[in-house]
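Student: Before we turn to the details, could we go through this structure together, starting from its side-chain contacts and working outwards?

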Amino acid sequence: MLSEYRIAYKGGEGEIVEKKSRFIATVLPVDQEEEALEFIEKMKKKYWNATHNCYAYVVGDRHEIQRYSDDGEPGGTAGRPMLDVLLGEDIHNVAVVVTRYFGGTLLGTGGLVRAYSSATKAGLASSVIITKIPGFKLRITTDYTGLGKIQYILGERKIPILDTVYTDKVEMQLVIPAVQKEQVTDALIEGTNGKVQFGEAESCYYAEINKEILVL
(Lines give C-alpha, C1' and ligand atoms only; values in the text may rest on other atoms or scores of the structure.)
Protein backbone atom coordinates (compact mmCIF):
# COMPACT_ATOMS: atom_id res chain seq x y z
CA MET A 1 0.00 0.00 0.00
CA LEU A 2 1.37 3.39 -1.00
CA SER A 3 1.65 6.39 1.27
CA GLU A 4 -1.04 9.06 1.00
CA TYR A 5 -1.42 10.84 -2.32
CA ARG A 6 -3.70 13.37 -4.02
CA ILE A 7 -6.23 12.74 -6.76
CA ALA A 8 -8.97 14.67 -8.54
CA TYR A 9 -12.15 13.24 -7.05
CA LYS A 10 -14.42 15.43 -9.17
CA GLY A 11 -13.48 17.48 -12.20
CA GLY A 12 -14.32 21.11 -12.82
CA GLU A 13 -13.88 24.01 -15.19
CA GLY A 14 -11.97 27.25 -14.74
CA GLU A 15 -11.36 30.18 -17.07
CA ILE A 16 -8.96 33.09 -17.29
CA VAL A 17 -8.67 35.93 -19.82
CA GLU A 18 -5.27 37.24 -20.88
CA LYS A 19 -5.14 40.17 -23.33
CA LYS A 20 -8.57 39.21 -24.68
CA SER A 21 -7.58 35.56 -25.22
CA ARG A 22 -9.85 33.14 -23.35
CA PHE A 23 -8.29 30.11 -21.70
CA ILE A 24 -10.83 27.51 -20.57
CA ALA A 25 -9.47 24.65 -18.45
CA THR A 26 -11.52 21.46 -18.12
CA VAL A 27 -10.43 18.84 -15.59
CA LEU A 28 -11.45 15.18 -15.42
CA PRO A 29 -10.39 12.32 -13.12
CA VAL A 30 -9.07 9.34 -15.11
CA ASP A 31 -7.92 5.87 -14.10
CA GLN A 32 -6.53 4.78 -17.46
CA GLU A 33 -4.83 6.47 -20.40
CA GLU A 34 -7.73 5.47 -22.66
CA GLU A 35 -10.08 7.59 -20.56
CA ALA A 36 -7.77 10.58 -20.92
CA LEU A 37 -7.60 10.19 -24.69
CA GLU A 38 -11.39 9.88 -24.99
CA PHE A 39 -11.80 13.00 -22.85
CA ILE A 40 -9.35 14.97 -25.01
CA GLU A 41 -11.21 14.02 -28.18
CA LYS A 42 -14.49 14.99 -26.56
CA MET A 43 -13.13 18.43 -25.66
CA LYS A 44 -11.79 18.93 -29.18
CA LYS A 45 -15.24 18.22 -30.59
CA LYS A 46 -16.93 20.44 -28.03
CA TYR A 47 -14.56 23.34 -28.74
CA TRP A 48 -14.11 22.58 -32.43
CA ASN A 49 -13.85 26.29 -33.33
CA ALA A 50 -11.17 27.11 -30.75
CA THR A 51 -7.68 28.22 -31.75
CA HIS A 52 -6.00 25.54 -29.64
CA ASN A 53 -6.96 22.62 -27.40
CA CYS A 54 -3.83 21.83 -25.40
CA TYR A 55 -3.71 19.03 -22.87
CA ALA A 56 -1.76 17.27 -20.16
CA TYR A 57 -2.49 14.18 -18.14
CA VAL A 58 -0.89 11.90 -15.57
CA VAL A 59 -1.96 8.33 -14.84
CA GLY A 60 -0.71 5.93 -12.20
CA ASP A 61 0.00 5.83 -8.50
CA ARG A 62 3.54 6.98 -9.23
CA HIS A 63 2.81 9.16 -12.27
CA GLU A 64 3.91 6.29 -14.52
CA ILE A 65 2.19 7.80 -17.58
CA GLN A 66 2.78 11.48 -18.39
CA ARG A 67 1.64 13.03 -21.66
CA TYR A 68 1.06 16.53 -23.00
CA SER A 69 0.48 18.46 -26.22
CA ASP A 70 0.97 22.11 -27.29
CA ASP A 71 -1.57 21.66 -30.12
CA GLY A 72 0.10 24.22 -32.38
CA GLU A 73 1.29 26.65 -29.75
CA PRO A 74 5.07 27.30 -29.73
CA GLY A 75 6.90 24.26 -28.33
CA GLY A 76 7.06 24.12 -24.56
CA THR A 77 4.61 26.98 -23.94
CA ALA A 78 1.39 25.07 -23.21
CA GLY A 79 1.32 21.32 -22.58
CA ARG A 80 4.55 21.12 -20.63
CA PRO A 81 3.65 23.99 -18.25
CA MET A 82 0.26 22.34 -17.73
CA LEU A 83 1.94 19.05 -16.88
CA ASP A 84 4.33 20.85 -14.54
CA VAL A 85 1.35 22.21 -12.59
CA LEU A 86 -0.10 18.69 -12.18
CA LEU A 87 3.24 17.30 -11.05
CA GLY A 88 3.94 20.30 -8.85
CA GLU A 89 0.58 19.87 -7.12
CA ASP A 90 1.36 16.12 -6.91
CA ILE A 91 -2.05 15.17 -8.31
CA HIS A 92 -2.47 11.66 -9.73
CA ASN A 93 -4.90 10.22 -12.30
CA VAL A 94 -6.10 13.46 -13.84
CA ALA A 95 -6.41 14.99 -17.31
CA VAL A 96 -6.67 18.69 -18.18
CA VAL A 97 -7.57 20.31 -21.50
CA VAL A 98 -7.01 24.04 -21.84
CA THR A 99 -8.95 25.54 -24.73
CA ARG A 100 -7.77 28.86 -26.13
CA TYR A 101 -9.76 31.37 -28.13
CA PHE A 102 -7.26 33.84 -29.57
CA GLY A 103 -8.01 37.44 -28.69
CA GLY A 104 -5.88 39.14 -31.34
CA THR A 105 -2.81 39.95 -29.23
CA LEU A 106 0.31 37.77 -29.17
CA LEU A 107 1.36 36.86 -25.64
CA GLY A 108 4.93 35.76 -26.29
CA THR A 109 6.46 32.58 -24.91
CA GLY A 110 6.56 33.78 -21.31
CA GLY A 111 3.00 35.03 -21.48
CA LEU A 112 1.78 31.75 -22.92
CA VAL A 113 3.51 29.71 -20.21
CA ARG A 114 1.93 31.89 -17.51
CA ALA A 115 -1.50 31.78 -19.13
CA TYR A 116 -1.63 27.99 -19.59
CA SER A 117 -0.24 27.44 -16.08
CA SER A 118 -2.75 29.84 -14.56
CA ALA A 119 -5.64 28.30 -16.49
CA THR A 120 -4.68 24.83 -15.29
CA LYS A 121 -4.57 26.06 -11.70
CA ALA A 122 -7.99 27.66 -12.17
CA GLY A 123 -9.36 24.36 -13.44
CA LEU A 124 -7.95 22.49 -10.46
CA ALA A 125 -9.32 25.13 -8.08
CA SER A 126 -12.81 24.46 -9.43
CA SER A 127 -12.38 20.70 -8.99
CA VAL A 128 -12.56 18.55 -5.87
CA ILE A 129 -9.03 17.46 -4.98
CA ILE A 130 -8.71 14.94 -2.17
CA THR A 131 -5.89 13.19 -0.35
CA LYS A 132 -6.13 9.40 -0.31
CA ILE A 133 -4.88 8.13 3.05
CA PRO A 134 -3.90 4.47 3.52
CA GLY A 135 -5.73 2.85 6.42
CA PHE A 136 -7.69 -0.08 7.75
CA LYS A 137 -11.41 -0.60 8.24
CA LEU A 138 -11.85 -2.29 11.59
CA ARG A 139 -14.97 -3.39 13.49
CA ILE A 140 -14.68 -3.44 17.27
CA THR A 141 -17.11 -4.74 19.91
CA THR A 142 -17.27 -3.80 23.58
CA ASP A 143 -19.69 -3.65 26.49
CA TYR A 144 -21.15 -0.36 27.68
CA THR A 145 -18.64 0.01 30.52
CA GLY A 146 -15.83 0.40 28.00
CA LEU A 147 -17.67 2.75 25.65
CA GLY A 148 -16.64 6.02 27.27
CA LYS A 149 -12.97 5.10 27.33
CA ILE A 150 -13.06 3.97 23.70
CA GLN A 151 -14.73 7.21 22.61
CA TYR A 152 -12.08 9.18 24.49
CA ILE A 153 -9.20 7.24 22.88
CA LEU A 154 -10.66 7.59 19.39
CA GLY A 155 -11.45 11.26 19.85
CA GLU A 156 -8.00 12.02 21.19
CA ARG A 157 -6.41 10.43 18.11
CA LYS A 158 -9.07 11.76 15.70
CA ILE A 159 -9.95 8.27 14.48
CA PRO A 160 -13.02 8.35 12.18
CA ILE A 161 -16.05 6.31 13.27
CA LEU A 162 -18.04 5.11 10.25
CA ASP A 163 -20.90 3.44 12.09
CA THR A 164 -22.08 2.55 15.60
CA VAL A 165 -24.66 -0.11 16.45
CA TYR A 166 -26.12 -0.34 19.96
CA THR A 167 -27.56 -3.70 21.07
CA ASP A 168 -26.67 -5.62 24.22
CA LYS A 169 -23.16 -4.57 23.26
CA VAL A 170 -21.70 -1.75 21.21
CA GLU A 171 -20.25 -2.32 17.74
CA MET A 172 -18.22 0.36 15.99
CA GLN A 173 -16.73 0.41 12.54
CA LEU A 174 -13.58 2.53 12.40
CA VAL A 175 -11.09 3.72 9.84
CA ILE A 176 -7.62 3.75 11.31
CA PRO A 177 -4.66 5.35 9.49
CA ALA A 178 -2.17 2.65 8.60
CA VAL A 179 0.61 4.37 10.52
CA GLN A 180 -1.49 4.33 13.72
CA LYS A 181 -2.94 0.83 13.56
CA GLU A 182 -0.82 -0.79 16.25
CA GLN A 183 -0.84 2.24 18.52
CA VAL A 184 -4.63 2.54 18.41
CA THR A 185 -5.36 -1.14 18.94
CA ASP A 186 -2.88 -1.32 21.84
CA ALA A 187 -4.46 1.78 23.41
CA LEU A 188 -7.96 0.30 23.10
CA ILE A 189 -6.89 -2.96 24.72
CA GLU A 190 -5.14 -1.17 27.56
CA GLY A 191 -7.86 1.43 28.03
CA THR A 192 -10.64 -1.15 28.36
CA ASN A 193 -8.61 -3.74 30.30
CA GLY A 194 -9.02 -6.11 27.38
CA LYS A 195 -12.81 -5.69 27.12
CA VAL A 196 -12.71 -4.98 23.40
CA GLN A 197 -12.92 -7.46 20.56
CA PHE A 198 -11.52 -6.82 17.09
CA GLY A 199 -12.82 -8.03 13.75
CA GLU A 200 -10.53 -8.63 10.79
CA ALA A 201 -8.79 -5.47 9.60
CA GLU A 202 -9.45 -4.63 5.95
CA SER A 203 -6.93 -2.44 4.16
CA CYS A 204 -8.35 0.57 2.31
CA TYR A 205 -7.81 4.17 1.34
CA TYR A 206 -9.99 6.92 2.72
CA ALA A 207 -10.38 10.67 2.41
CA GLU A 208 -12.22 13.50 4.14
CA ILE A 209 -14.63 15.53 2.01
CA ASN A 210 -16.64 18.33 3.57
CA LYS A 211 -15.95 16.86 7.02
CA GLU A 212 -17.29 13.47 5.95
CA ILE A 213 -15.20 10.33 5.61
CA LEU A 214 -15.21 8.57 2.25
CA VAL A 215 -13.78 5.05 2.02
CA LEU A 216 -12.29 4.52 -1.42
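## Rings, cores and sheet

Tutor: In this predicted model, the charged end of K181 sits over the ring of F136, at 5.4 Å from the ring centre.

Student: Over the ring of which residue does the charged end of K132 sit?

Tutor: A charge counts as sitting over a ring if, among other conditions, NZ of Lys is within 6 Å of the ring centre. For K132 the distance to the ring centre is 4.8 Å, and the ring belongs to Y205.

Student: How are the rings of F23 and Y116 arranged in their aromatic pair?

Tutor: The structure holds 5 aromatic pairs, and in the one formed by F23 and Y116 the ring centres are 5.1 Å apart. Planes over 60 degrees apart count as edge-to-face. With 85° between its planes, the pair of F23 and Y116 is edge-to-face.

Student: How many residues apart in sequence are the parts that this pair ties together?

Tutor: F23 belongs to strand 3, residues 21-29, whereas Y116 belongs to helix 3, residues 108-125, so the pair links parts of the chain that are distant in sequence by 93 residues.

Student: Why is the pair of Y55 and Y57 stacked, and is Y57 buried or exposed?

Tutor: The ring centres of Y55 and Y57 are 6.0 Å apart and their planes lie at 20°, so the pair is stacked. The limit for calling a residue buried is under 20% relative accessible area. Y55, at 16%, counts as buried, and Y57, at 2% relative accessibility, likewise counts as buried.

Student: Which helix gives the most residues to the largest nonpolar core?

Tutor: In soluble globular proteins, nonpolar side chains tend to be buried together. Here the largest nonpolar core has 23 residues, and F23, M82 and Y116 are among those with the most contacts inside it. Strand 3, strand 4 (52-59), helix 2 (79-88), strand 7 (94-101) and helix 3 each supply at least two residues, but the element giving the most, with 5 residues, is helix 3.

Student: How many residues are in the second, separate core?

Tutor: This second core is separate from the one just described, and its members include L147, I153, L174 and V184; its count of residues is 15.

Student: Which strands are the edge strands of the open sheet?

Tutor: The open sheet has 5 strands in the order 2-3-7-4-5, with antiparallel pairing, and strand 2 and strand 3 pair over 6 bridges. An edge strand pairs on one side only, and the two that do so here are strand 2 (13-18) and strand 5 (65-69).

Student: What angle does the direction of helix 1 make with that of strand 4?

Tutor: Helix 1, residues 33-46, packs on the sheet and touches strand 2, strand 3, strand 4, strand 5 and strand 7. Between the direction of helix 1 and that of strand 4 the angle is about 165°.

Student: Which residues of helix 2 are buried?

Tutor: The cover over the buried residues of helix 2 includes strand 4, strand 5, strand 6 (91-92), strand 7 and helix 3. The buried residues under this cover are G79, P81, M82, L83, V85 and L86.

Student: With which residues is T164 in contact, leaving aside its neighbours within four places in sequence?

Tutor: T164 lies in strand 9, residues 161-166, and is partly exposed, with a relative accessible area of 25%. Once neighbours within four places in sequence are set aside, the residues in contact with T164 are V170, E171 and M172.

Terms used
Residues are numbered from 1 along each chain as its sequence is written. This is a predicted model: local features need pLDDT of at least 70, side-chain atom pairs count only at pLDDT 80 or more; totals for chains, interfaces and linings use all residues. Side-chain values use heavy atoms; hydrogens and water are left out. Rings of Phe, Tyr and Trp (its six-membered ring) pair if their centres lie within 6.5 Å; planes under 30 degrees apart count as stacked, over 60 as edge-to-face and the rest as tilted. Helices (H or I, at least four residues) and strands (E, at least two) are DSSP runs, numbered from the N terminus. Buried means under 20% relative accessible area, exposed over 50%, partly exposed in between (1.4 Å probe, protein chains only). A charge sits over a ring if NZ of Lys or CZ of Arg is within 6 Å of the ring centre and within 35 degrees of the ring normal. A nonpolar core is a set of buried Ala, Val, Leu, Ile, Met, Phe, Trp, Tyr and Cys residues joined through side-chain atoms within 4.5 Å. Two strands pair if DSSP finds at least two bridges between them. Contact means heavy atoms within 4.5 Å. Axes are lines fitted to C-alpha atoms, for helices over the stretch in contact, and angles run from 0 to 180 degrees between N-to-C directions.
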